[in-house]
Amino acid sequence: MPSTTTAEKAALRRALRRRADELSPAQRRSSDEALFARLTALPQWRQADLLLLFHGMGSEPDTARLLPALWAAGRTVGLPRCLPGHGMEFRAVGPDTPLRRHPFGMLEPDEACPLLVPTARSLALVPGVSFDPSGGRLGQGGGYYDRWLAGYPGRTVGLCRACLLSESLALETHDRRVDLVVTEDGLYGPSQSHTTQSGAPGPRSVPECT
Ligand SMILES: Nc1nc2c(c(=O)[nH]1)N(C=O)[C@@H](CNc1ccc(C(=O)N[C@@H](CCC(=O)O)C(=O)O)cc1)CN2
Ligand SMILES: Nc1ncnc2c1ncn2[C@@H]1O[C@H](COP(=O)(O)OP(=O)(O)OP(=O)(O)O)[C@@H](O)[C@H]1O
């Protein structure tokens, strides 16, 4: 019998995936542009030794669009690879790296790519169906990131479309908060006082997808 939180998470995941799927391609593109503008302006982004991205799929932000500029700037970029037993590792990818489609739908590097060892100066972009303003995260339900984050020494950022931001997510003991949540409208997180980048107060209620 699943715990209440597990059942609640599954129901919320279904509802928010539906909400995300209703966004038009134009709404997704304009949301992505605003998210990426905020993300790439962060000092943590500019200063990281390794950028550990994910290859966006479905209604996730289309993070693959960030890659060409990073390669052109000579940055080291990694993408995750799922391992048996719900493990995960990151391998370096470049412009000519062939990626393979995993049965879950995302593109992944293979074992021919160099394995990356994250440091305290690394930055991981963590995917999520939803986040809350204190860094709580609802993932896809496999526990891949939670297991990997348990041994990860670096910083974490979640990209969250404003209409998928939850007021407060119920977390289980294994759930890891991200250090910073980036929405189109502002930055949130355990150490943020809900401000937009201009310093103006950020949105407090959760907007509807329009
Ligand atoms: N782009 C991207 N890559 C990622 C993740 C992610 O969330 N996004 N992951 C984040 O952990 C890991 C993969 N984990 C995933 C876990 C479940 C599902 C998923 O769609 N599950 C379906 C059932 C799929 C099936 O069993 O066939 C579902 O829950 O409906 C997708 C990714 C690593 N790579
Ligand atoms: N650090 C961990 N060690 C062992 N099991 C874990 C760990 N983290 C998560 N799990 C297990 O993984 C399963 C899925 O967890 P959860 O619903 O929190 O996944 P998620 O965060 O949504 O997924 P993901 O991290 O893949 O996006 C649960 O059964 C949970 O007990």
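This briefing walks through two ligands and two pockets in the structure above. It's a predicted model, where local features need pLDDT of at least 70, side-chain atom pairs count only at pLDDT 80 or more, and totals for chains, interfaces and linings use all residues. Residues are numbered from 1 along each chain as its sequence is written, chains are lettered from A and ligands numbered from 1 in the order in which they are written, and side-chain values use heavy atoms, with hydrogens and water left out.

Both guests share an address: ligand 1 sits in the largest pocket, and ligand 2 sits there too. ("Sits in" means that more than half of a molecule's atoms lie within 2 Å of the pocket's grid points.)

**The largest pocket**

- A pocket is found on a 1 Å grid over the protein atoms alone: it is an open set of points where a 1.4 Å probe fits, with protein on both sides within 12 Å along at least five of seven lines, and its lining residues have an atom within 4 Å of a point.
- This one holds about 590 Å³ of space, where volume means the space filled by probe spheres set on the points, which are joined across faces, edges and corners.
- Its lining has 31 residues, and Gly139, Gln140, Gly141, Gly142 and Tyr144 lie nearest the centre.
- Two or more lining residues come from each of α1 (4-21), β2, β5 (107-108), β8 (137-138) and α5; helices (H or I, at least four residues) and strands (E, at least two) are DSSP runs, numbered from the N terminus.
- The top contributor is α1, with five residues.
- Sorted by class, the lining is 13 nonpolar, nine polar and nine charged residues. Here Ala, Val, Leu, Ile, Met, Phe, Trp, Tyr, Cys and Pro count as nonpolar, Asp, Glu, Lys and Arg as charged, and the others, Gly among them, as polar.

**Ligand 1**

- Ligand 1 has 14 residues around it, the closest being Arg17, His55, Glu60, Gln140 and Tyr145; to count, a residue needs a heavy atom within 4 Å.
- Its shell is made of ten nonpolar, two polar and two charged residues, with β2 (77-83) and α5 (144-149) each supplying at least two.
- Now for polar contacts, which here are pairs of N or O atoms within 3.5 Å. A nitrogen atom of ligand 1 is 2.9 Å from a polar backbone atom of His55, and a polar side-chain atom of Glu60 is 2.8 Å from a ligand nitrogen.
- The side chain of Arg17 has an N or O atom 3.2 Å from an oxygen atom of ligand 1.
- On its own, ligand 1 has 680 Å² of accessible area, and the protein covers 71% of it; such areas come from the Shrake-Rupley method with a 1.4 Å probe.

**Ligand 2**

- Around ligand 2 there are 14 residues, and Lys9, Arg137, Tyr144, Asp146 and His174 are the closest.
- By class, this shell has two nonpolar, six polar and six charged residues.
- The largest share of the shell, four residues, belongs to α5.
- Oxygen atoms of ligand 2 pair up with Arg137 through a polar side-chain atom at 2.5 Å, and with a polar backbone atom of Tyr144 at 2.8 Å.
- Gly139 joins in with a polar backbone atom 3.1 Å from a ligand oxygen.
- Taken alone, ligand 2 exposes 650 Å², and the protein buries 71% of that.

**The second largest pocket**

- About 270 Å³ of space lies here.
- Of its 16 lining residues, Ala20, Met57, Ser59, Glu60 and Gln140 lie nearest the centre.
- Once again α1 appears, giving the largest share with four residues.

Notes:
A polar contact is a pair of N or O atoms within 3.5 Å; within protein, one must be able to donate a hydrogen and the other to accept it, and residues adjacent in sequence count only if both atoms are side-chain atoms.
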